[in-house]
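Ready to practise reading a protein structure? Take a look at the model below, keep it open beside you, and try each task before you read its solution.

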Amino acid sequence: DGFPGSIRQSAQEALRDGPQQRHDNHWTGSTGCNWIGGIRLAWTSPPTVQEVQRHVQEHFPRPIQPGDSLSKVDGKSVKGLSRQDILGLLRKFKGNIGFKRGSHDMAIRESAKHALKKGPEKDAEHSEGQNWIWGFLFAWTSPPVVREVQPEVQQHFPNPVNPGDVLHQVDNKLVGKLSREEILKLLVKYKGSIGFQSRHGDDYRKSAQDALQHGPQEDAES
C-alpha cells in the first residue's frame, strides 16, 4: 500500500537495526538517525528531518524541509516520546503524519551543547580540533574557519556560506578574539543571528558598509 507501507516497513527495520550514525554526524549529536519512508529523521526530541527524497513530497500539502520536526503520527503527538515509542507508532502507521516547520535555532543550540560536552574532534590541520555545529564543520582557529557545509543549511542565508569562510559574529557579538568554549557558550544561547565573512573582499566591503550604518562597536580593550 505505497507510502504508508514503506513507513511501516522502515520503522520495523529501524527498531530491529538501531539508529544509524552518519559519517559526518553533525547536529544529530550521538542520537543517530534512520530513514523512515524516504524521510531521514534524526532522533533529537522531537525528531528532526535531515533529508527528504523527492518522491515523498507528493504525499504532503506543503514540502517537508530539512529542519522540520515530526509532530504527530496518526493524530498522536510525539512530544516527549522516546525513539522506540515513536517507531512503535510508525510501525502501525495508518496514513496520517504531521510535521512542524523547523527552526535552525534549536539545531544550533543542541549541537553546541553536544560539542561543549564531548570536546573537539581531531583536525589534521589545526591542533585545537574541530566540531560540527548544525550543518557547519568548524575548525577552532581564531576566528573559526568553516571546513565543510551541509547543503541543507544554505536556505537560511542570503548568500552561500563556503568552506574557507570564517565565523564573524553570533547574535551581534564578534567572535574573532573568543576561545572555542566562549563561542560555544554563545551558541548554546543562540537567539537567531549568525554571521560569516569570506576571506575574499566582497564580504569585507559588506561589513564596512554595516559598520558605517551601525557605528563603532564597543571595544573592551580601548
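The exercises below work through a predicted model, each with a solution in steps.

**Exercise 1. Two helices side by side**

Find at what angle helix H1 and helix H2 pack, and which residues of H1 meet which residues of H2.

*Solution.*
Step 1: Locate the helices. H1 covers residues 2-17 and H2 covers residues 83-91.
Step 2: Look at their axes, which lie 8 Å apart, with a packing angle of about 150°. H1 passes H2 in a left-handed crossing.
Step 3: List the contacts. From H1 come Ile7, Arg8, Ala11, Gln12, Ala14 and Leu15. They meet Arg83, Gln84, Leu87, Gly88, Leu90 and Arg91 of H2.
Step 4: Sort this contact by class: six residues are nonpolar, three are polar and three are charged.
Step 5: Think about the spacing of the numbers. An α-helix has 3.6 residues a turn, so residues three or four places apart point the same way.

**Exercise 2. Under cover**

Work out which residues of H2 are buried, and what covers them.

*Solution.*
Step 1: Apply the cut-off: a residue is buried if its relative accessible area is under 20%.
Step 2: In H2, Ile86, Leu87, Gly88 and Leu90 are buried.
Step 3: Look around these residues. Their cover includes H1, strand E1 (33-36), strand E4 (69-73) and strand E6 (97-100).
Step 4: Link this to the first exercise. Leu87, Gly88 and Leu90 are buried, and these residues also take part in the contact with H1.

**Exercise 3. A second helix pair**

Describe how helix H3 and helix H4 cross, and which classes of residue make up their contact.

*Solution.*
Step 1: Find H3 at residues 104-118 and H4 at residues 180-188.
Step 2: Their axes come within 8 Å and cross at roughly 145°. This crossing is left-handed.
Step 3: Name the residues in contact. H3 brings Ile108, Arg109, Ala112, Lys113, Ala115 and Leu116. H4 brings Arg180, Glu181, Leu184, Lys185, Leu187 and Val188.
Step 4: By class, the contact of H3 with H4 has seven nonpolar, no polar and five charged residues.

**Exercise 4. Charges that meet**

How many salt bridges does the structure hold? Examine three of them, and say whether each partner is buried, partly exposed or exposed.

*Solution.*
Step 1: The structure holds eight salt bridges.
Step 2: Start with Arg40 and Glu51, whose side chains come to 2.5 Å, N to O. Arg40 sits in strand E2 (residues 39-42) and Glu51 in strand E3 (residues 48-52), so this salt bridge ties together parts that are 11 residues apart in sequence. Arg40 is buried, at 10% relative accessibility, while Glu51 is partly exposed at 35%.
Step 3: Turn to Asp68 and Arg62, which form a salt bridge at 3.4 Å, N to O. Asp68 is buried at 1% relative accessibility, whereas Arg62 is partly exposed at 32%.
Step 4: Now take Glu121 and Lys118, with their closest N and O atoms 2.7 Å apart. Glu121 is partly exposed, with a relative accessibility of 26%, and Lys118 is partly exposed too, at 42%.
Step 5: Check for shared partners. Salt bridges of this kind join Arg62, Asp68 and Arg101 into one network.

**Exercise 5. A cluster of rings**

Decide what kind of aromatic pair Trp134 and Phe136 form, and which cluster they belong to.

*Solution.*
Step 1: The structure holds 10 aromatic pairs.
Step 2: In the pair of Trp134 and Phe136, the ring centres are 5.8 Å apart and the planes stand at 75°. A pair counts as edge-to-face if the planes are over 60 degrees apart, and this one is edge-to-face.
Step 3: Both Trp134 and Phe136 are buried.
Step 4: Follow the ring pairs onward: they link Trp134, Phe136, Phe138, Trp140, Phe157 and Phe196 into a cluster.

**Exercise 6. Backbone surprises**

Most residues other than glycine have a negative phi, and most peptide bonds are trans. Look for exceptions in the loops.

*Solution.*
Step 1: The peptide bond from Ser142 to Pro143 is cis, with omega near 0°. Pro143 lies in the loop between strand E8 (136-139) and strand E9 (145-149).
Step 2: Asp74 has a positive phi of about 50°. Asp74 belongs to the loop between E4 and strand E5 (76-77), and is partly exposed at 27% relative accessibility.
Step 3: Asn172 has a positive phi as well, near 70°. The loop between strand E10 (166-170) and strand E11 (173-174) holds Asn172, which is exposed at 59% relative accessibility.

Definitions and conventions: Residues numbered from 1 in each chain as written. Predicted model: local features only at pLDDT ≥ 70, side-chain atom pairs only at ≥ 80, totals over all residues. Heavy atoms only, no water. Axes fitted to C-alpha atoms, helices over the stretch in contact; angles between N-to-C directions. Helix = DSSP H or I, 4+ residues; strand = E, 2+ residues; numbered from the N terminus. Left-handed = near helix turned anticlockwise from the far one by under 90°. Contact = heavy atoms within 4.5 Å. Nonpolar A, V, L, I, M, F, W, Y, C, P; charged D, E, K, R; others polar. Phe/Tyr/Trp six-rings, centres within 6.5 Å; stacked < 30°, edge-to-face > 60°. Buried < 20%, exposed > 50% of the residue type's maximum accessible area, 1.4 Å probe, protein only. Salt bridge = Lys/Arg side-chain N within 4 Å of Asp/Glu carboxyl O.
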